[in-house]
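The following exercises concern a single protein chain. Please work through each task with the sequence and the structure at hand before reading the solution.

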Amino acid sequence: MRAWLMDGYHGVEKLRLEEVAEPRPGPDEVLLRVRFAALNPADAFLARGMYPAKPVLPHVLGRDAVGEVVAAGPAVENVKVGQSVGILRCDAGVSVWGTLAEMVVVPAASTVPIPDGWTAEQMAGAPLTFLTAWQALTQWSHPPAPPARVSVLLVTGASGGVGVASVLLAKSMGLTVVALSRSSAKGDKLKELGADAVFSPEDPDLRVKVAAALAPRKVDLAVDSVGGALFPQVVAMLGYAGKISVVGRSGGPVPEFNTGTLFFRRNRIGGVAVGDYTAETAQVAWTAIVRRLAEAGARPVVDEVFPFEQVVRAFGRLAQGPMGKVVVRVAG
């Protein structure tokens, strides 16, 4: 089979397409013939050595995919050969070879059928981003649940994969959504998806405009995938007991800001890590996600689909800032 190999931590630009041996499933695993795989910023971070995982090299990136089950281990009962499935969060693409290959082995417990009405491309790009967004929205209660006392959500990097997922899920929860995007065209698309207001994070009057749009309310919860210089402004826009779920750092390091604003308004900041999902909890969360999207008549958003031979170019599109997910067609 062919696979995109990562030989070192020098970036996705150094990936190479090679013939490698076909993997074999273990007792509780399945072997998938990959149809579509999706790219995530975490893949690019791992390829730069900016991620906690340090897999044995050469490594194959890729965490999301849709594929056909071509073999199953003897202990597998929930998946049948010939079935088309997607992959929920597991070790694929992190500590073991991932989905940027013609074949991939994954735990049977981490597979799910394609939801009714979804395309294979939509399914391929959805799990990691929607599970991340779900955790960002629900992590502030025990057990995790949709926010009961939240009415206003702020989403930074709203046109990215997690951003779009956050907008769609938040609207299914009845929240008012303020989205941040530098592109007016993407802003229009975000409004079509349900965002109540869209602002540019580069607007010097951002805080004033957001405050005017929400008055007398404030931001109750922010889902932040940017960090960087924007982060202190996100903190400043929070109301009393407001919270920030941190899902990324595409804007780089956060500059110094007045931490006093946190305790005067009892604000909280919490990181999001999909690695905390077990196979069982991921299945529970995924069932809730699919149900909510179905009730809202919403679907995942795919930005562009690239041929398998153009994975490096596809990562270039990811770096540009897509509207939704970047997907790779591995097989017809």
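**Exercise 1.** Determine which residue with a positive phi follows helix 4, and establish whether helix 4 is mostly covered or uncovered.

*Solution.*
1. In this predicted model, helix 4 is followed by Gly 174, which has a positive phi near 80 degrees.
2. Helix 4 comprises 12 residues, 161-172. From the first C-alpha to the last it reaches 17 Å, close to the 16 Å expected at 1.5 Å a residue.
3. A residue is buried when its relative accessible area is under 20%. By this criterion 10 of the 12 residues of helix 4 are buried, and the helix is mostly covered.
4. Among these buried residues are Gly 161, Val 164, Leu 168 and Ala 170.

**Exercise 2.** Characterise the second largest pocket: which element gives the most to its lining?

*Solution.*
1. The second largest pocket holds about 290 Å³ of space.
2. Its lining has 16 residues, and those closest to the centre are Trp 140, Ala 148, Arg 149, Val 150 and Lys 243.
3. Helix 3, strand 11 and strand 12 each give two or more residues to this lining; strand 12 gives the most, with 4.
4. By type, the lining divides into 10 nonpolar, 3 polar and 3 charged residues.

**Exercise 3.** Compare the radius of gyration of the chain with that of a compact globule.

*Solution.*
1. For 332 residues, a compact globule would have a radius of gyration near 20 Å.
2. The chain has 20 Å, which agrees.
3. Of the residues of the chain, 53% count as buried.

Note on methods
Residues are numbered from 1 along each chain as its sequence is written. This is a predicted model: local features need pLDDT of at least 70, side-chain atom pairs count only at pLDDT 80 or more; totals for chains, interfaces and linings use all residues. Side-chain values use heavy atoms; hydrogens and water are left out. On a 1 Å grid over the protein atoms alone, a cavity is a set of points where a 1.4 Å probe fits but cannot get out, and a pocket is an open set with protein on both sides within 12 Å along at least five of seven lines; lining residues have an atom within 4 Å of a point. Grid points are joined across faces, edges and corners, and a volume is the space filled by probe spheres set on the points. Ala, Val, Leu, Ile, Met, Phe, Trp, Tyr, Cys and Pro count as nonpolar, Asp, Glu, Lys and Arg as charged, and the others, Gly among them, as polar. The expected span of a helix is 1.5 Å times one less than its number of residues. Buried means under 20% relative accessible area, exposed over 50%, partly exposed in between (1.4 Å probe, protein chains only). The radius of gyration is taken over C-alpha atoms; the globule rule is 2.2 Å times the number of residues to the power 0.38.
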